[in-house]
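Me: Please take a close look at a single part of this structure and explain it in plain terms. Then place that part within the rest of the chain.

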Amino acid sequence: MPGGYIGKILLVDLSTGVITEEPLDQKMCRDYIGGYGIGARILYSRQKSGIDPLGPENTLGLITGPLTGTPVPMAVRYMAVAKSPLTGGWGEANSGGDFGPYLKFAGFDAVFFTGISPKPVYLLIDDGKTQLKDANYLWGKDTYGTEDLLQVEYGEQSRVACIGPAGEKKSLVSCIMTNHGSTAGRSGLGAVMGSKKLKAVVVRGTMEIPVSDKAAVVRVSRGARQIHAHPRAFGYVADLKPHAKIRYQLHYL
């Protein structure tokens, strides 16, 4: 695989509960760069036209790019994609926080959901192992409460992307939330998540993200940091706990 990718995507059929791993195609990574590109390619090549955005055939993807989770400054974002229930066309939204890097630390570059679960569930991705778990006790809770409860269960090393009551009720302006306020806010994709009875995705892991030339990445990253003289320019990274800094490999910079 090209540097920056873990090399695997996850396909989750919520109607049947079947979870499948698939190798990330190297040519696709080069032709369609990043979460936006890969998401667009997967949806347009695998999803039928004319589907109901809130129906089982709509595909919801959470996707990272090749820089996500590497030492490159501020490379933390992930992309959410689906057919938009708000516009009836292409839907995408991207979010900060650190869910994106932790998805890769957990072992996958992207996860795609189809189908509708018969009951509320959340997906747990734990160091390459995956499981759909009952989310009835979380249904109806807001995003802060959902995130807090799941992090109590899975620890500080876990990250959560979730919806609140607006997403559950399929509000067309609902969002996917992480990190107590980081938002994938465009296109009504929280409603797509709610329509699938998918309350949350929890990720946890310790996998390293390969880069083709670590020394070059470090050199370029150091130069990028030097153009920001303000001590808070990278305040988000500075505020991370020591173990998280290690996960970002910032000790190389």
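Reply: In this predicted model, R204 has a relative accessibility of 24% and counts as partly exposed. The label follows from the cut-offs, because a residue is called buried under 20% and exposed over 50%, with partly exposed in between. D126 is also partly exposed, with a relative accessible area of 23%.

These two residues belong together. D126 and R204 form a salt bridge, and their closest N and O atoms are 2.5 Å apart. D126 sits in strand β7, residues 121-126, while R204 sits in strand β12, residues 198-204, so the salt bridge ties together parts of the chain that are 78 residues apart in sequence. Side chains of opposite charge can pair when their charged atoms come close. The cut-off used here is 4 Å between a side-chain nitrogen of Lys or Arg and a carboxyl oxygen of Asp or Glu, so the pair at 2.5 Å qualifies.

The pair of D126 and R204 can be set beside others, for the structure holds 9 salt bridges. One of them joins E22 to R46, with 2.5 Å between the closest N and O atoms. Here too distant parts of the chain are linked: E22 is in strand β2 (residues 18-23) and R46 is in helix α2 (residues 34-46), with their positions 24 residues apart in sequence. E22 is partly exposed at 24% relative accessibility, and R46 is partly exposed at 47%.

Another salt bridge runs between R186 and E92, whose closest N and O atoms are 3.0 Å apart. R186 lies in the loop between β11 (182-184) and α6 (189-195), and E92 lies in strand β5 (residues 90-95), which puts the two residues 94 apart in the chain. R186 is partly exposed, with a relative accessible area of 43%. E92, however, is buried at 16%.

Now for the setting. The chain has 9 helices and 12 strands. Of its 253 residues, 51% are buried. Among contacts between residues at least 6 apart in sequence, 67% join residues at least 24 apart.

Cysteines give another kind of link to check. A disulfide is a covalent bond between the sulfur atoms of two cysteines. The model has 0 disulfides. Two of the cysteines, C29 and C162, are buried: C29 has a relative accessible area of 3%, and C162 has 0%.

On the outside, the chain exposes about 11,100 Å², of which carbon and sulfur atoms supply 55%. L86, L172 and V173 make a nonpolar surface patch of about 270 Å². V173 is in the loop between α5 (165-168) and β10 (176-178), and at 62% relative accessibility V173 counts as exposed.

Last comes the confidence of the prediction. The mean pLDDT of the chain is 89, and 87% of the residues reach 70 or more. Over residues 234-240 pLDDT is below 50, and this stretch has 15 contacts in the model beyond near neighbours in sequence. Residues 245-253 also stay under 50, with 32 contacts beyond four places in sequence. Where pLDDT is low, the predicted coordinates should not be read in detail.

Terms used:
Residues are numbered from 1 along each chain as its sequence is written. This is a predicted model: local features need pLDDT of at least 70, side-chain atom pairs count only at pLDDT 80 or more; totals for chains, interfaces and linings use all residues. Side-chain values use heavy atoms; hydrogens and water are left out. Patches are made of residues with over 30% relative accessible area and no salt bridge: like charges are joined within 9 Å, nonpolar side chains (Val, Leu, Ile, Met, Phe, Trp, Tyr) within 5 Å. Accessible areas come from the Shrake-Rupley method with a 1.4 Å probe; for residues, only the protein chains shown count as cover. Helices (H or I, at least four residues) and strands (E, at least two) are DSSP runs, numbered from the N terminus. Buried means under 20% relative accessible area, exposed over 50%, partly exposed in between (1.4 Å probe, protein chains only). A disulfide is a pair of cysteine sulfur atoms within 2.5 Å. pLDDT is the predictor's confidence in each residue, from 0 to 100. Contact means heavy atoms within 4.5 Å.
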